[in-house]
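Student: I have a structure to study and do not know where to begin. Can we go through it step by step?

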Amino acid sequence: MKRRIHNIACIGAGYVGGPTMAVIADRCPDISVTVIDLNEDRIAAWNSEALPVYEPGLDEVVRRTRGRNLRFITQREGAAAVAAADAVFISVNTPTKTQGSGAGKASDLSYVEACARYIAEHAKGHTIVIEKSTMPVRAADTIKRILATTPHGGTFDVLSNPEFLAEGTAIRDLEQPDRVLIGGETPAAVDALAEVYAHWVPDQAILRTGLWSAELSKLAANAFLAQRVSSINAISALCEVTGAQVEEVAKVLGTDTRIGPKFLKASVGYGGSCFKKDLLSLVYLCEFYGLTEPAAYWQSVQDLNEWQKRRFAQMAAAHARKHGGIVAVLGLAFKKNTNDFRESPAIDICNHLLAAGVRLRLQDERVDPAAFRATLADEAKTGFAFFTDIEDAARGAGAILILTEWDSYAGLDWVKIAAAAEPGVAIFDGRKVADQVSAKKAGLPVFVVGQGESVPS
Ligand code: NAD
Ligand code: UGA
């Protein structure tokens, strides 16, 4: 039977649920979209002028759609929206488990299971339930089992429709995706969801697979991306001791069409809420199925990332301790153009620095200082403070670290900053954004990941 989706509900108004539903509402004015969340403050923010997620272009999309065919409501008000929905997206967090079997690696599906119970309780008629969250392969079995307990005699199809957007470019990624992936067992349900995306995505970019392939493809895609960053970071360390330049090496690699140029930027390590948790989930799955060598292979990608952050922090701490013991950290977000700092390299690097006994002066243009403060374990009681102005942050610093590639850091006047800092100050550029000419004019040595140190002549 042909199915059509007129009414969508989405559970989870986070970095994925909010922007994804806003773009669906924008591109499908004939579909009514309701986003539901437990977190009442988050829903209030989605209904205000200060959205809870910073993404270039998001404000405009929400302004066009909110109150037209997009609304944000709390879970207490959500039952009727689920009952009326032809399709319900599950877009809640799937963090790493912290207790029980698989703790420290396996995905915690308790939020997903709570959604499935909520849908089972409130859905009416036939409902297509769509996994938008990243799930371990075969999670749909768990969802189906819970949905089967519905007291209303409702029927369900379960689809996997993982999201591939990257933060900072979410709206562009949603509006012009490389591909949309739909995994399912019932062609009518797959077609109904494909018809939603067909409002703006070309047919050849809508990939249809089995349910398990779709679930696993998402984990595999993130693992492949993380693996490229760890590979180039492994090469970056070798560049620093041999005189090779990682940017030149990456360019050579990237011009091989079999390798391609993207995700070859050496850095202080990857961050973000997903690479680490999805890699660990993949490691756990491999171990669960007795695949020891594949588990060790994917674990090594994460281990290399931890090493990259640690060695960068150690180099900076050693320099700072010789020059007054203060470090200025520019950039706390895990990448530019987002206010998100979940698993940001800045967290681990700051904690390594504090443990090494240096004091920190922190600056970022989007990250909320109070929230970031909560991630710092000031074991050594050395202390840290936040600044909005970069010169203030650099005052008295013996080392200035750049951890996020904010565009504003490319235009810094290093002569002015050096005047505020400690004599002997050096720049540790983890993103290769600092203007080398200006730094040279200021007489500052610059250490760049994958390039080593350039000392002004
Ligand atoms: P998030 O933490 O920003 O948002 C999740 C939201 O779900 C929160 O607002 C939370 O309050 C809400 N929630 C949790 N349980 C709920 C329940 N039972 N009922 C109602 N609301 C509930 O997470 P996110 O970054 O949007 O990620 C969501 C999923 O998408 C994860 O599985 C993640 O791996 C995946 N993903 C994330 C990204 C990304 O860039 N952040 C990209 C692709 C995929
Ligand atoms: C990543 C994937 O790119 C998305 O496709 C996926 O949907 C998402 O994870 C997810 O599942 O959450 P995201 O983490 O938002 O997106 O951002 P990326 O652009 O992938 O960057 C991740 C981290 O890797 C950042 O810290 C970034 O600075 C770092 N990175 C990226 C590098 O160090 N070098 C590179 O060449 C690329």
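Student: How far apart do the C-alpha centres of domain 1 and domain 2 lie?

Tutor: This is a predicted model, so every value here is computed from predicted positions. The domain assignment puts domain 1 at 7-209 and domain 2 at 302-454. Their C-alpha centres are separated by 37 Å.

Student: How many residues does each domain give to the contact?

Tutor: Start with the side of domain 1 that touches domain 2: three nonpolar, one polar and two charged residues. Both domains take part in the contact. Domain 1 gives six residues, and domain 2 gives seven residues.

Student: Which residues come nearest to ligand 1?

Tutor: The shell around ligand 1 holds 27 residues. By class they are twelve nonpolar, eleven polar and four charged. The nearest are G12, G14, Y15, S133 and T134.

Student: Which element gives the largest share of the shell around ligand 1?

Tutor: Two elements give two or more residues to this shell: strand 2 (32-37) and helix 5 (110-122). The largest share is three residues. It comes from helix 5.

Student: Is Y15 buried or exposed?

Tutor: Y15 sits in the loop between strand 1 and helix 1 (17-27). Leaving out residues up to four places away in sequence, Y15 touches V53, E167 and D340. The cut-off for buried is 20 or more other C-beta atoms within 10 Å. Y15 has 25 such neighbours, so Y15 counts as buried.

Student: How far apart are the C-alpha atoms of Y15 and K132?

Tutor: Along the chain, Y15 and K132 are 117 residues apart. In space, their C-alpha atoms are separated by 12 Å.

Student: What is the distance between the end C-alpha atoms of helix 5, and what should the helix span?

Tutor: Helix 5 has 13 residues. The expected span is 1.5 Å times one less than that number, because the rule leaves one residue out. The expected span is 18 Å, and the end C-alpha atoms are also 18 Å apart.

Student: Which residues of helix 5 are buried, and what covers them?

Tutor: The buried ones are V112, C115, A116, Y118, I119, A120 and H122. A helix has 3.6 residues a turn, so residues three or four places apart point the same way. The cover over the buried residues includes strand 1 (7-11), helix 4 (79-84), strand 4 (87-90), strand 5 (126-131) and helix 6.

Student: Is D141 buried or exposed?

Tutor: D141 belongs to helix 6 (residues 139-147). The cut-off for exposed is 12 or fewer other C-beta atoms within 10 Å. D141 has 11, so D141 is exposed.

Student: Which residues does L207 touch?

Tutor: L207 is in strand 8 (residues 206-209). L207 has 15 other C-beta atoms within 10 Å, so L207 is partly exposed. Set aside residues up to four places away in sequence, and L207 touches R179, V180 and L181.

Student: Which residues surround ligand 2 most closely?

Tutor: The shell around ligand 2 has 20 residues. Eleven are nonpolar, five polar and four charged. Helix 9 (residues 211-242) gives the most, with three residues. The closest residues are K265, S267, Y270, G272 and C274.

Student: Which residues touch the most other members of the largest nonpolar core?

Tutor: Nonpolar side chains tend to be buried together in soluble globular proteins. The largest nonpolar core here has 77 residues. Touching the most other members are A316, V327, V329, L353, A399, I400 and L401.

Student: Which residues does another core include?

Tutor: This core lies apart from the largest one and has 66 residues. Among them are V16, L70, F89 and L159.

Student: What is unusual about the phi of N337, and what is its value?

Tutor: Most residues other than glycine have a negative phi. N337 lies in the loop between strand 9 (326-330) and helix 13 (345-355). N337 is buried because 20 other C-beta atoms lie within 10 Å. N337 is not a glycine, yet its phi is positive, at about 65°.

Student: Where is K432, and what is its phi?

Tutor: K432 is in the loop between strand 13 (426-429) and helix 17 (436-441). With 19 C-beta neighbours inside 10 Å, K432 counts as partly exposed. K432 is a residue other than glycine with a positive phi, near 50°.

Notes
Residues are numbered from 1 along each chain as its sequence is written. Chains are lettered from A and ligands numbered from 1 in the order in which they are written. This is a predicted model: local features need pLDDT of at least 70, side-chain atom pairs count only at pLDDT 80 or more; totals for chains, interfaces and linings use all residues. Domain bounds come from an automatic or database domain assignment. Two residues are in contact if their C-beta atoms, placed from the backbone, lie within 7 Å. Ala, Val, Leu, Ile, Met, Phe, Trp, Tyr, Cys and Pro count as nonpolar, Asp, Glu, Lys and Arg as charged, and the others, Gly among them, as polar. A residue is near a molecule or strand if its C-beta atom, placed from the backbone, lies within 6 Å of it. Helices (H or I, at least four residues) and strands (E, at least two) are DSSP runs, numbered from the N terminus. A nonpolar core is a set of buried Ala, Val, Leu, Ile, Met, Phe, Trp, Tyr and Cys residues joined through C-beta atoms within 7 Å.
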